[in-house]
Amino acid sequence: MITETEWARVLSALRRPEWDFRTADGVAKDTGLDPKRVKEVIAGHRSEVRQTISRDGKIVYAHKSKPVKLREVIAQMQRFASKAF
């Protein structure tokens, strides 16, 4: 069960203005939660969080209230193209 306190901490970390995207490890450092637990909390709030792949291949997250960046769109197009062929 995900507590409201856990979600509030993760949400706060995802909304930090100095980061466009966050790894589970980065969110874990901000919240004091284990990275595995961060992923569980995010999975429990999937409708509020975007997920993409960083340039170095890591899964990164952003709250849906943050604007979509051009590099995020490009990464999605590249993933789609690589699966299409």
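**View 1. Thr31 sits in helix H2 of this predicted model.** Let's start with a single side chain and its surroundings. Thr31 has a relative accessible area of 7%, and because buried means under 20%, Thr31 counts as buried. Leaving out residues up to four places away in sequence, Thr31 touches Arg9, Val10, Ala13 and Val38.

**View 2. Helix H2 has several buried residues.** Here we step back to the helix around Thr31. Ala24, Gly26, Val27 and Ala28 are buried in H2, along with Thr31. What do the buried residues of H2 pack against? Their partners are H1, H3 and strand S2, which covers residues 59-63. After H2 comes Gly32, and its phi is positive, near 80°.

**View 3. Val10 makes contacts with residues farther along the sequence.** Once neighbours within four places in sequence are set aside, Val10 is in contact with Val27 and Thr31. Leu33, Val41 and Ile42 are also contacts of Val10. The pairing with Thr31 will be familiar from View 1, where Val10 appears among the residues that Thr31 touches.

**View 4. The largest nonpolar core has 14 residues.** Which of these residues touch the most other members? Val10 and Val38 do. Three helices each supply at least two residues of this core: H1 (4-14), H2 (24-31) and H3 (35-44). H1 gives the most, with 5 residues. Val38 links this view back to the first one, as a residue that Thr31 touches.

Conventions
Residues numbered from 1 in each chain as written. Predicted model: local features only at pLDDT ≥ 70, side-chain atom pairs only at ≥ 80, totals over all residues. Heavy atoms only, no water. Core = buried A, V, L, I, M, F, W, Y, C linked by side-chain atoms within 4.5 Å. Buried < 20%, exposed > 50% of the residue type's maximum accessible area, 1.4 Å probe, protein only. Helix = DSSP H or I, 4+ residues; strand = E, 2+ residues; numbered from the N terminus. Contact = heavy atoms within 4.5 Å.
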